[in-house]
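Here are my notes for your next look at this protein. I have put them as numbered points, so you can keep the view open and follow along.

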Amino acid sequence: MDSPYDPSSPTQILQYARYLEGGTVAKALKELYSDWAHESSPGYIDPSITETYKGKGGFGQFIEKQYFKKDLDSYSRPDFEQAGIELKTAPLRKNQRGEVRAKERIVLGNIDFSQVVNESFSESHFLSKNETVLLVFYFHDALKSFYDLEIPLVDIWKCLQEDGKQIKEDWEYIVQKVRNGLAHEISEGDTYYLGACTKGAMKATSQVRQPYSDIEAHRRAFCFKVGYVNHIYKVLRERQKKRKKTDYIRLLDDKPLSLEQQIHNRFNPYLGMRVDDICKTLEIPYNLVDKGLYARVARTILGIRKKDQKIYEFDAADVQVKTIRIEPNGVAKEEMSFKTIRYNEIIEDEWEDSELYQILTSKFFFVIYKHAHQDDPYTLAQVKIWNMPESDLDIAKGGWEDTKQKIIDGNYDDFIKIRDRRIIHVRTHGRDSSDLMETPQGTWETKRSFWLNKRYVVKRIQC
């Protein structure tokens with residue numbers, strides 16, 4: 001049967017998975033397929049099929065095959081390979097005080113001692129498979145069928161974004177032991193977040209060769225340690241509370257349209273219209289002094305009428321929504337700013353762990369306004385979903401590294417400028433000259449941000 005979601009779309013995968021949250025597999029199937037209990041239904045699961053899934057990983061295999069409609073395999077690639085997402089189920093239990101705790105670690109893939117010694121962390125099989133993990137937390141209950149296990153939380157955990165520095169250190173510690181011919185001395189207690197757990201119940205029958213020693217070592221797998229699983233659960237639970245409070249608007253419904261098609265359907269009736277006329281149509285006050293006018297017009301067209309409303313698909317995929325005004329000379333009115341640079345944090349970051357990298361590798365939704373003459377109202381000219389190409393990311397990386405080094409050196413007077421044409425530049429972004437931030441040198445400097453050069457933005461949206 002056809003997949004009930006687009007397997008290349010992280011947004012659709014998470015959206016489909018979230019039907020499980022706060023209920024059970026049976027409840028999710030009822031919501032998705034009104035005739036789910038009939039053999040002719042695409043949501044039908046033969047009740048006797050659960051007998052084929054045994055052992056610790058039984059529920060995970062059941063979810064992957066029967067709910068997500070995926071063939072089971074043991075490849076060292078993410079389960080949703082096109083989207084780069086690995087699926088993991090995590091059992092929970094309540095202690096005597098009623099506290100929810102992780103029942104066990106999350107196993108993330110076997111360690112091939114002969115292969116891992118030739119890898120770097122950034123290009124490791126571990127990271128390529130587990131950088132983004134879709135976690136389905138459920139309450140373990142041996143007396144219940146897989147259909148009826150309670151699932152309180154479903155969410156995405158991004159290793160590098162959340163705790164990349166420590167996970168990298170843990171990975172490197174484990175691998176260095178193997179390189180030193182000490183794989184037989186590895187202990188799960190060696191590390192903090194990422195562990196190397198043993199595989200195989202009987203030590204005598206679970207020994208394998210290691211590359212730099214004649215001593216055989218116990219087979220092992222990378223895992224999120226139990227304490228770290230508890231931390232992940234608590235963090236995601238808090239985010240869930242905020243998420244539940246958020247009034248989401250969903251652009252994707254049961255119509256066979258992509259997200260981009262849905263967006264264009266909303267904006268097409270207004271393309272070519274003057275902003276003042278759009279404001280009349282949508283009953284928005286037309287006030288040119290209001291700096292947020294153009295963003296408000298875009299939000300209203302999307303269906304957002306209240307301050308706390310969000311587009312679910314944009315929120316789930318971290319889409320960056322930006323409005324751009326093009327002047328008669330073809331140049332954007334303003335550069336595009338990002339979050340304030342945290343001087344004490346950037347010096348500890350690597351490029352792919354950085355906040356700027358996370359933003360620039362997200363999708364951008366540009367709402368573009370133009371006017372032919374300086375005194376004319378802007379018209380809504382174009383909307384476009386865009387992401388920065390890899391070649392431009394490499395240039396931005398150089399700008400980020402330059403900025404990091406200058407902060408390490410205490411050089412706050414020579415950051416990249418607009419005229420340097422490096423795609424990004426750095427300049428002040430505080431309320432005023434008294435809006436300061438502490439530096440690694442213990443001094444106080446004006447707050448600054450990375451900005452995307454306006455000429456670059458216009459060039460790219462015209463491609």
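1. Let us begin with the overall make-up. The protein chain holds 15 helices and 19 strands. Please keep in mind that this is a predicted model. Its C-alpha trace spans about 80 × 60 × 45 Å along the principal axes.

2. Next, the packing of the chain. Of its 463 residues, 46% count as buried. Among contacts with a separation of 6 or more, 65% are made by residues 24 or more positions apart.

3. On the outside, the accessible surface of the protein chain comes to about 24300 Å², and carbon and sulfur atoms account for 45% of that. As for charge, there are 72 positive and 72 negative charges, and their mean positions are 3 Å apart.

4. Helix 10 deserves a visit. Why can this helix, residues 293-302, be called largely enclosed by the rest of the structure? Seven of its 10 residues are buried, so the surrounding structure largely encloses it. The buried residues are Leu293, Tyr294, Val297, Ala298, Thr300, Ile301 and Leu302. Just after the helix comes Gly303, which takes a positive phi of about 105°.

5. Now turn to Ser362, in the loop between helix 13 (355-360) and strand 14 (364-370). Is Ser362 buried or exposed? Its relative accessible area is 6%, which is under the 20% cut-off, so Ser362 counts as buried. Leaving out residues up to four places away in sequence, Ser362 touches Asp318, Gln320, Trp386 and Asn387.

6. For a surface feature, try the negative patch. Which residues form this negative surface patch? They are Glu131, Glu352, Glu390 and Asp394. One of them, Glu390, has its place in helix 14 (residues 390-409). With a relative accessible area of 56%, Glu390 is exposed.

7. Last, have a look at His125, which lies in helix 5 (residues 125-130). His125 is partly exposed, at a relative accessible area of 36%. Setting aside neighbours within four places in sequence, His125 is in contact with Ser76, Gln115 and Glu119. How far apart in space are His125 and Gly60? From C-alpha to C-alpha they are 21 Å apart, with their positions 65 residues apart in sequence counted as the separation.

How values were computed: Residues are numbered from 1 along each chain as its sequence is written. This is a predicted model: local features need pLDDT of at least 70, side-chain atom pairs count only at pLDDT 80 or more; totals for chains, interfaces and linings use all residues. Side-chain values use heavy atoms; hydrogens and water are left out. Buried means under 20% relative accessible area, exposed over 50%, partly exposed in between (1.4 Å probe, protein chains only). Helices (H or I, at least four residues) and strands (E, at least two) are DSSP runs, numbered from the N terminus. Contact means heavy atoms within 4.5 Å. Accessible areas come from the Shrake-Rupley method with a 1.4 Å probe; for residues, only the protein chains shown count as cover. Lys and Arg count as positive and Asp and Glu as negative; His and the chain ends are not counted. The place of a charge is taken as NZ of Lys, CZ of Arg, CG of Asp or CD of Glu. Patches are made of residues with over 30% relative accessible area and no salt bridge: like charges are joined within 9 Å, nonpolar side chains (Val, Leu, Ile, Met, Phe, Trp, Tyr) within 5 Å. A salt bridge is a side-chain nitrogen of Lys or Arg within 4 Å of a carboxyl oxygen of Asp or Glu.
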